Every structure is written in C-alpha cells, then in structure tokens.
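Q: I have a structure open in front of me. Where do I start reading?

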Amino acid sequence: MNDLMKVFSYESSEIRTVVQDGKPWFVAKDVCEILGITNVSKAVMTLNNKFKTTLTLSYSGTNYKTNAIAVNEAGLYKLIFKSRKEEAEKFSDWIAEEVLPSIRETGSYSVQLPHSFSEALMLAANLQKKIEEDQPKIEAHDRFISASNNQKMAEVAKVLGLGRNTLFAKLRSMKILMPNNTPYQRYIDQGYFVVKETSVVIGDETINKPQTYVTAKGVDWLSKKIGQTKKPLLAQ
C-alpha cells in the first residue's frame, strides 16, 4: 500500500507522517534525529511490533516512493522517553498539544506559509497585532492569582505576557526548575508549585508523566521574580 505522507515542520526539522484509518504514524528516523537518538535501528528494534510498521511513502506530485519504518502514537512516546535531551520535553508537548489534536480534528496538520514577500509582511503584521491583543491586563492578572485552583505553566506564561517555552527556559536559568521542567523541592515546600503525575493511556499502554502546576501564591511570586528581569527577557 502506498501512503501519501504529510510533512510536519518542527523548528528547523521535518517529520514525515502518515494517517491511516484516522491514526497517525511517524517516521522513526525523523523523530530520532530530533531526539538525539543516533542508533535508530536499535531504538526501533526494542519496540513491540504493535508500535511500529513499514510504510511505502508517496511524495505528492511525483512518482517517487520510499519505504520507511514508522511508529504509532504509543511508539512515538516510547522513543521520546529514550531520549536524554531537554528537547524531548518540548517536542513531546508540541506533539501532544498541537499535532495530535489537529490530526484528530481535521485528519492533517496545516501551517499557513507565505507565498510571497507581501504575504510574509502581512503575516508578520497580524502576528504582532495578535501579540499586542493578548498582552495580559492588570485586572485579569489579579483575578487569576486570586483563584484557588492550581494553574498550568502555559496559562501562567500567558498571564505574565511570555511564551510558554520562554518561561520554562527562564525558570531553568534561574534554577527554579530542573532540566525536566519540574521545580526544585525547596520551591514546592514553599508552596509555589505542585507536581502531579498525569496518566496518558495509549492503546494498551499507560504512561505516567510529571506535570508542573503553579499555585495562586506561586503566580504572584513568579510575577515579581519575572518582573525584576523582564526587559532582558523580552530582548532575548
């Protein structure tokens, strides 16, 4: 069977993906390159056969075809857990928060790309407008930190006027978060963070992943900490 592939753009890398019967398959070689796994054959060999398959990929608009080993969603996460790079956490979040929901909703992952310089300028202008519109207001911040529930890092980043990955990087550099993006124990003990194990069921597999949450007290504390270094942060 020939499978028409879709290419996902992840920063400067590409990931070839095929959707079969509504389920995504990821080319193992592309995934391993991002994760810094050099021995692709060995990494794939350790996976159960139900997590991998061989695809015959067809390139749209050409007669070129190639075979490739691919992994399903569960196999993808197993490869991610084999990686020792900090990039693995960021890549995992991108897959879970952007790619998979888009595939499930539309059957594909689409990114708007400019076809001309004028379109590029238009996209840049729209992006800048969106950034300005999304800047948090003082009233919204006050309501947010008064909440009794714990907040995800992405929500906290938005309130602080930062990107999620930028906030993670900043907190790691400040030695508040460890390389795996969980807080050091002393900050948990001070009541700024809570770490919960989130169970992700993929097929017959259950994978536990630590998730960092910020308490209401922690949001106020982070706001003051980030405020002291906000100008250098925005300049990065």
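A: Start with one pair of facing residues. Tyr10 has Ser13 as its bridge partner in strand β3. Keep in mind that this is a predicted model.

Q: How many bridges join β2 to β3, and in which sense do the strands run?
A: The count is five bridges, and the two strands run antiparallel. Strand β3 covers residues 13-20.

Q: What happens at the turn of the hairpin of β2 and β3?
A: Two residues lie between the strands. One residue to look at is Glu11, which takes a positive phi near 50°.

Q: Which strands pair with β6?
A: Strand β4, residues 23-27, pairs with β6, residues 65-71, in the antiparallel sense over two bridges. There, Phe26 stands opposite Val71. Strand β5, residues 52-58, is also antiparallel to β6, with seven bridges. In that pairing, Thr56 has Asn67 as its bridge partner.

Q: How many helices and strands are there in the protein chain?
A: The chain has eleven helices and nine strands.

Q: Now the inside. How do I read a nonpolar core?
A: Begin with the general idea. In soluble globular proteins, nonpolar side chains tend to be buried together. Now this case. The largest nonpolar core has 28 residues. Ile15, Phe26, Phe91 and Ile95 have the most contacts inside it.

Q: Which elements each supply at least two residues of this core?
A: They are β2 (6-10), α1 (28-35), α2 (40-45), α3 and α4 (87-106). The largest share comes from α4, with seven residues.

Q: Which residues is Phe91 in contact with, leaving aside its neighbours within four places in sequence?
A: Phe91 is in contact with Tyr10, Ile15, Val31, Ile34, Leu35, Leu76 and Ile80. Tyr10 is the residue we met as the bridge partner of Ser13.

Q: What does the second core include?
A: This separate core has 18 residues, among them Met153, Leu167, Leu171 and Val214.

Q: How do I read a helix?
A: Think about which way its residues point. An α-helix has 3.6 residues a turn, so residues three or four places apart point the same way. Now take α3, residues 73-82. Seven of its ten residues are buried, so the helix is largely enclosed by the rest of the structure.

Q: Which residues of α3 are buried?
A: The list is Glu73, Ala74, Gly75, Leu76, Tyr77, Leu79 and Ile80. Two of these names, Leu76 and Ile80, also appear among the contacts of Phe91.

Q: What caps the N-terminal end of α3?
A: Asn72 does. One of its side-chain oxygens lies 3.3 Å from the backbone nitrogen of Ala74.

Q: How do I read a pair of aromatic rings?
A: Two values do the job. A pair is described by the distance of the centres and the angle of the planes. This model has six aromatic pairs. Phe193 and Trp221 form one that is edge-to-face, with 6.5 Å centre to centre and 90° between the planes.

Q: Why does the pair of Phe193 and Trp221 tie together separate parts?
A: Phe193 lies in strand β8 (residues 193-202) and Trp221 in helix α10 (residues 216-227), so the pair ties together parts that are 28 residues apart in sequence.

Q: Are Phe193 and Trp221 buried or exposed?
A: Phe193 is buried, at 2% relative accessible area. Trp221 counts as buried too, at 16%. The cut-off for buried is under 20%.

Q: Which residues do ring pairs link into a cluster?
A: The cluster holds Tyr187, Tyr192, Phe193 and Trp221.

Q: Which charged residues sit over rings?
A: Arg186 lies over the face of Tyr184, 5.4 Å from the ring centre. Lys196 has its charged end over the ring of Tyr213, 5.1 Å from the centre.

Q: How do I read a residue in a loop?
A: Ask where it lies, then what it touches. Thr182 lies in the loop between α8 and α9 (185-189). Thr182 counts as buried, at 7% relative accessibility. Its side chain joins that of Asn180 in a polar contact of 2.6 Å. Leaving aside neighbours within four places in sequence, Thr182 is in contact with Leu177, Pro210 and Thr212.

How values were computed:
Residues numbered from 1 in each chain as written. Predicted model: local features only at pLDDT ≥ 70, side-chain atom pairs only at ≥ 80, totals over all residues. Heavy atoms only, no water. Buried < 20%, exposed > 50% of the residue type's maximum accessible area, 1.4 Å probe, protein only. Helix = DSSP H or I, 4+ residues; strand = E, 2+ residues; numbered from the N terminus. Polar contact = N/O pair within 3.5 Å; in protein donor to acceptor, adjacent residues only side chain to side chain. Phe/Tyr/Trp six-rings, centres within 6.5 Å; stacked < 30°, edge-to-face > 60°. Lys NZ or Arg CZ within 6 Å of the ring centre and 35° of its normal. Contact = heavy atoms within 4.5 Å. Core = buried A, V, L, I, M, F, W, Y, C linked by side-chain atoms within 4.5 Å. Pairing = 2+ DSSP bridges.
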